Amino acid sequence: PEVVTHSSITRGMPVCNLFGNVWAIFIQGLLGVAVFSLLIVKWQCERPKRQFYVWMFDGLKQCISAGFQHLCNVAIAAIARSEGGEGNEECGWYIISFTIDACLGTALSLLMLKYGLEVAAKKLNYAPLIESGDYGQPDNIRVKWWAIQLTSWVMINILARVVCGAIVVLLHNPLYPFVRWLTAKFKGHGILYLLLAMIGTPTFLNILQLIIQDNCLKKRSDDRENAVNAMTHEGLDKLPLMDVSDNETKEKDVGGPEIFIGGVNNENTRLDGAHETLTPSTAALEQRRDG
């Protein structure tokens, strides 16, 4: 019987292709599971935690847009590979495309969202797009608002990836020697090359990209209100406790200076200093008037 070794497994796919075999589809499926798992972990760690349905809508926007981003990067890699040349495999170009996408593409997408789409929506008073992550929560969650935001976010992502693709095509000649060198290092080990392109390289960049995008896509006004409430409650807890009943008793027991008008000690004419204070000049004036 044939002995299955590490070498035989890695050589089962001598050329790194992003599609066209079971290994490629399986590894890209793992990438999708990893993305969704990271969003779950982040949601469990956040304080205050979003409602489940709100988080689910935010997470679906991320996952669906991530799928379109991945397809765009694969298309960019295929276009770059079509330029020809020895050692010109898709995985090498995918690594380059994804790196540019995670850095430049993410920044362009968020800029277009925050300073383009949302600003225009505020001027036009178009409620579904005024603030990302606002679906009418907590009382009335509107699926239609989520669908509009999802469509807009996907279109923004595709536009940003078109820009990234144009950069890769324009820089094809300077980048080609790197792709050829990297491909030579993994010659005959297509699966390892695929793992590097889909799992190894994107891991750290994917974590940063998902965290940044999730913070920008969720509703920020809720965070500000919760933070103010938390600070208010914390400040009230630190205030010193005052025994009002004791203070009121002391004020009743200790009276102010008694002032006798016209030499008559009358309870009706006694003025409690805790309620009203007369200066000496005022008291003398009152005595002269009575005299």
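Which side chain meets that of K114 in a salt bridge? In this predicted model, the partner of K114 is E118, with a nitrogen-to-oxygen distance of 3.4 Å. Both residues belong to helix α4 (residues 90-124), where they are four residues apart, about one turn of the helix. K114 is partly exposed, with a relative accessible area of 21%, whereas E118 is buried at 7%. Salt bridges that share partners also join K42, E46, R50, D58, D214 and K218 into one network.

Within this network, R50 takes part in a salt bridge with E46, at 2.9 Å from N to O. R50 has a relative accessibility of 14% and E46 one of 8%; residues under 20% count as buried, so both R50 and E46 fall in that class. The side chain of R50 also meets that of D214 in a salt bridge, again with an N to O distance of 2.9 Å. Because R50 is in the loop between α2 and α3 (52-81) and D214 is in helix α8 (residues 202-217), this pair ties together parts that are 164 residues apart in sequence. D214 is buried, as is R50. In the whole structure, eight salt bridges are found.

The chain as a whole contains 11 helices and zero strands. Of its 291 residues, 35% are buried. Among contacts between residues at least 6 apart in sequence, 73% join residues at least 24 apart. The chain exposes about 17,500 Å², of which carbon and sulfur atoms supply 65%.

On the surface, a nonpolar patch is formed by V22, W23, F26, L30, L192, L195 and I199, which together have about 620 Å² of accessible area. Helices α2 (22-45) and α7 (190-200) are the elements that each give two or more residues to the patch. The largest share, four residues, comes from α2. One of the patch residues, L30, is located in helix α2 and is partly exposed, with a relative accessible area of 41%.

Confidence varies along the chain. The mean pLDDT is 77, and 68% of the residues reach 70 or more. The highest mean, 96, is found in helix α5 (residues 143-170), and the lowest, 39, in helix α1 (residues 6-10). Over residues 1-12, pLDDT stays under 50, and the model has 12 contacts beyond four places in sequence for this stretch. Residues 248-252 also stay under 50, with zero such contacts. Where pLDDT is low, the predicted coordinates should not be read in detail.

Note on methods: Residues are numbered from 1 along each chain as its sequence is written. This is a predicted model: local features need pLDDT of at least 70, side-chain atom pairs count only at pLDDT 80 or more; totals for chains, interfaces and linings use all residues. Side-chain values use heavy atoms; hydrogens and water are left out. Patches are made of residues with over 30% relative accessible area and no salt bridge: like charges are joined within 9 Å, nonpolar side chains (Val, Leu, Ile, Met, Phe, Trp, Tyr) within 5 Å. Accessible areas come from the Shrake-Rupley method with a 1.4 Å probe; for residues, only the protein chains shown count as cover. A salt bridge is a side-chain nitrogen of Lys or Arg within 4 Å of a carboxyl oxygen of Asp or Glu. Buried means under 20% relative accessible area, exposed over 50%, partly exposed in between (1.4 Å probe, protein chains only). pLDDT is the predictor's confidence in each residue, from 0 to 100. Contact means heavy atoms within 4.5 Å.
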